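Reader: Hello! I am new to this structure and would love a close look at one part of it.

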Amino acid sequence: MSFDCRRSSSQKPDMDAFKITIVDEEFNRRMEAVIDSVAALHDEEPQRRKSVTVVKRCSQSQIRSPMPPLPYPPRHRINNAWRKTPPIPKLKVCTKPGIVQLTWDDGMGVASYQLYAPLDGYELFECILNGSVDNAKWEKLTYILASAPNQNQRVPITCKLTKKARGIEYYFAVRGVDVHERRGPCAVVYVRF
């Protein structure tokens, strides 16, 4: 088995990746034997081919730290007459030096508003990873009231977080809370400055 490691020139300039080509001679010998036996069954001349190369991509950037378990939703009352709990919000992130801007909507389509209980608000959580993951915990930053639907569509919510330090990893999570105080699943984004 031989290895060849080189920077890929076919990649986009913003992607920093290496290609590792692995040529396995034993695999190539076995494949040639299979091709010969199949060609013999069909009374044909075997077609010779080039050796097989397996390509793997290895990112040169640092791997992100594992995320600690998400905040567990508290127990809530159950009533079969109530509609569904809130869906996962559609969360987007935009970063500038020291600033994180989170934008999300309720994750409901126009046709699905009647399936879910009315939203009361959103819980916003932050997890700061500065070194060890064992010390990382989710902190509830705030509770944001949901806007009233305008013709069965809500206006996306934007939250700007400032004074974020360089070299530190952040996870942000948002989940919906309905009028019955039931929590939906979290939408999570990762940011590193």
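Which residue in strand 10 stands opposite V174?

Author: Happy to help! This is a predicted model, in which local features need pLDDT of at least 70, side-chain atom pairs count only at pLDDT 80 or more, and totals for chains, interfaces and linings use all residues. Residues are numbered from 1 along each chain as its sequence is written, and side-chain values use heavy atoms, with hydrogens and water left out.

The partner you asked about is A187, which faces V174 from strand 10. Strands here are DSSP runs of E with at least two residues, numbered from the N terminus, and two of them pair if DSSP finds at least two bridges between them. Strand 9 covers residues 169–178, and six bridges join strand 9 to strand 10 in the antiparallel sense.

Now step back to the sheet around that pair. Four strands make up this open sheet, in the order 7-6-9-10, with antiparallel pairing. Strand 7 (138–145) and strand 10 (187–192) are the edges, each pairing on one side only. From one strand to the next, the twist averages 20 degrees, taken between lines fitted to C-alpha atoms, with angles running from 0 to 180 degrees between N-to-C directions.

The loops beside strand 9 deserve a look too. In the loop between strand 8 (157–161) and strand 9 you will find K163, which is not a glycine yet has a positive phi of about 60 degrees. K163 is exposed, at 81% relative accessible area (exposed means over 50%, buried under 20%, partly exposed in between, with a 1.4 Å probe and protein chains only). The loop between strand 9 and strand 10 holds E181, also not a glycine, with a positive phi of about 65 degrees. E181 counts as exposed, at 55% relative accessibility.
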